[in-house]
Amino acid sequence: MTRIYFDNAATTPMDPLVVEAMLPYLQNHFGNPSSIYSFGRETRLAIENARKTVASLLNVKPGEIFFTSGGTESDNMAIRSAVEDLGCRQIITSPLEHHAVLHTVTALQKSHGVTVEEVKVLPNGHVDLTHLAQLLNTAKERCLVSLMHANNEIGNLLDVHAVGALCRQHQAIFHSDTVQTVGHYPLDFNRDNIHFATGAAHKFHGPKGVGILFISENVKVNPMIHGGGQERNMRAGTENVPGIVGFAKALEIAMQEGEKDQSKIQSIKNYLAEQLLKNVPGVAFNGDWNGQSLYTVLNVSFPVTPQSELLLMSLDMQGICVSAGSACSSGASQGSHVIQGIPGNKQGVPIRFSFSKYNTIAEVDALIEKLKALL
């Protein structure tokens, strides 16, 4: 049975050119980057060249990029640093954030006594920027605003420039989880007054287990992991050299081919939406799906029937991989906290379809035929 993969917001298949770039650092160039002899100098050079490449593509300085194990670690480091090093005593976030943010905020609420405020969410899944301005206006202590650039479940895009301007006006620290947008859109963290931002290579055809944390040069924070002096004393531990090389190569390819890939993927998303409306009575879409939204994500609500409630499992048995929400919580029994956090009608069975440059219109046609038979 040929399998069809429509869960690219969870992870993407690696680009063969990325694998090729990583192979020498898995086989021949195995030296520890902290060693001073030639084997170590080779891998140290590879890391610093990768850092320069990533910084150049993201329009930031190499000194503002730190390599981590992925988006979750980066989000944890950013939020903890804002509280422990930058004196933020109030956190403003939204109920739609990734659990890497929400669970970190809850932990800091317990351990550090910070105040947490949630921005209201509009019926289309966007955060209410008027309410954010009100919360910042009435804040009595220094604030951290933590809002994701793109929602990983419904695809809504945040106006980070507008949020950054509000944060600048109120001297607030701004952290944005940009895991779903690094490698997909041209970004400018400094222009948008973002102090912390995050990325993960496996969201744009790079390896798993490697990410970045952007820390603006305008803020000074302390190490989160102590030990050796790696990552300029910010994150101790021997670096994941092949992963770092793979991150840079994947980002390079993504930014070179971005316009062409975006056009193709957007057409696949639009085609699926058209075919669902045509073939599945009562279907609806969650979030601002045809407005300010990721071109890679379509979150669909199917009418509640005995068949649709088993749809995820039924599609899997037919060789089609989709998601009910974040892959990080796919083992959880409760429904999507993102869908629950949007005001209005909660009827329907939500399924997330997410696409990459490797998907095709023919795969959408096959999916529609399977759905018609299953439903």
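Is Gly70 buried or exposed in this structure? In the predicted model described here, in which residues are numbered from 1 along each chain as its sequence is written, local features need pLDDT of at least 70, side-chain atom pairs count only at pLDDT 80 or more, and totals for chains, interfaces and linings use all residues. Side-chain values use heavy atoms, with hydrogens and water left out. Gly70 is buried, with a relative accessible area of 9%, where buried means under 20% relative accessible area, exposed over 50%, and partly exposed in between (1.4 Å probe, protein chains only).

Gly70 is located in the loop between β2 (65-68) and α3 (71-84); helices (H or I, at least four residues) and strands (E, at least two) are DSSP runs, numbered from the N terminus. When residues up to four places away in sequence are not counted, Gly70 touches Gly199, Val210 and Gly211, contact being defined as heavy atoms within 4.5 Å. Gly70 and Gly211 are 141 residues apart along the chain, yet their C-alpha atoms are separated by 3.7 Å.

The interior was examined next through its nonpolar cores, each a set of buried Ala, Val, Leu, Ile, Met, Phe, Trp, Tyr and Cys residues joined through side-chain atoms within 4.5 Å. The largest nonpolar core has 79 residues, of which Val145, Leu276, Phe302 and Phe353 touch the most other members. The most residues in this core, 14, are given by helix α7 (residues 241-279). Phe353, with its neighbours within four places in sequence left aside, is in contact with Phe6, Leu272, Thr296, Val297, Leu298, Val300, Phe302, Val322 and Leu367. A second, separate core of 21 residues includes Ile79, Val83, Ile91 and Phe196.

No disulfide, that is, a pair of cysteine sulfur atoms within 2.5 Å, was found: a search of the whole structure gives zero. For Cys88, which is in no disulfide, the nearest cysteine sulfur is that of Cys143, 7.5 Å away, and Cys143 is likewise in no disulfide. Both residues are buried, Cys88 with a relative accessible area of 0% and Cys143 at 4% relative accessibility.

On the surface, Met14, Val19, Leu23 and Leu26 make a nonpolar patch of about 310 Å². Patches are made of residues with over 30% relative accessible area and no salt bridge, like charges being joined within 9 Å and nonpolar side chains (Val, Leu, Ile, Met, Phe, Trp, Tyr) within 5 Å; accessible areas come from the Shrake-Rupley method with a 1.4 Å probe, and for residues only the protein chains shown count as cover. Within this patch, Leu23 lies in helix α1 (residues 16-27) and counts as partly exposed, at 35% relative accessibility.

Side chains of opposite charge can pair when their charged atoms come close. With a salt bridge defined as a side-chain nitrogen of Lys or Arg within 4 Å of a carboxyl oxygen of Asp or Glu, the count comes to 14 salt bridges. In one of them, the side chains of Lys61 and Glu217 meet with an N to O distance of 2.8 Å. This pair links distant parts of the chain, 156 residues apart, with Lys61 in the loop between α2 and β2 and Glu217 in the loop between β8 and α7. Lys61 is partly exposed at 44% relative accessibility, and Glu217 is partly exposed with a relative accessible area of 41%.

Another salt bridge joins Lys249 and Glu252, whose closest N and O atoms are 3.7 Å apart; both residues lie in helix α7, three residues apart, which is about one turn of the helix. Lys260 also forms a salt bridge, with Asp261, the closest N and O atoms being 3.9 Å apart. In this pair, Lys260 is exposed, with a relative accessible area of 56%, whereas Asp261 counts as buried at 13% relative accessibility. In addition, a network of salt bridges links Arg44, Glu48, Arg51, Glu231 and Glu239.

Backbone angles were considered last. Most residues other than glycine have a negative phi. Asn59, however, has a positive phi near 60 degrees; Asn59 is found in the loop between α2 (38-57) and β2 and counts as partly exposed at 47% relative accessibility. Asn233 also has a positive phi, of about 70 degrees, although it is not a glycine, and Asn233 is found in the loop between β8 (211-215) and α7.
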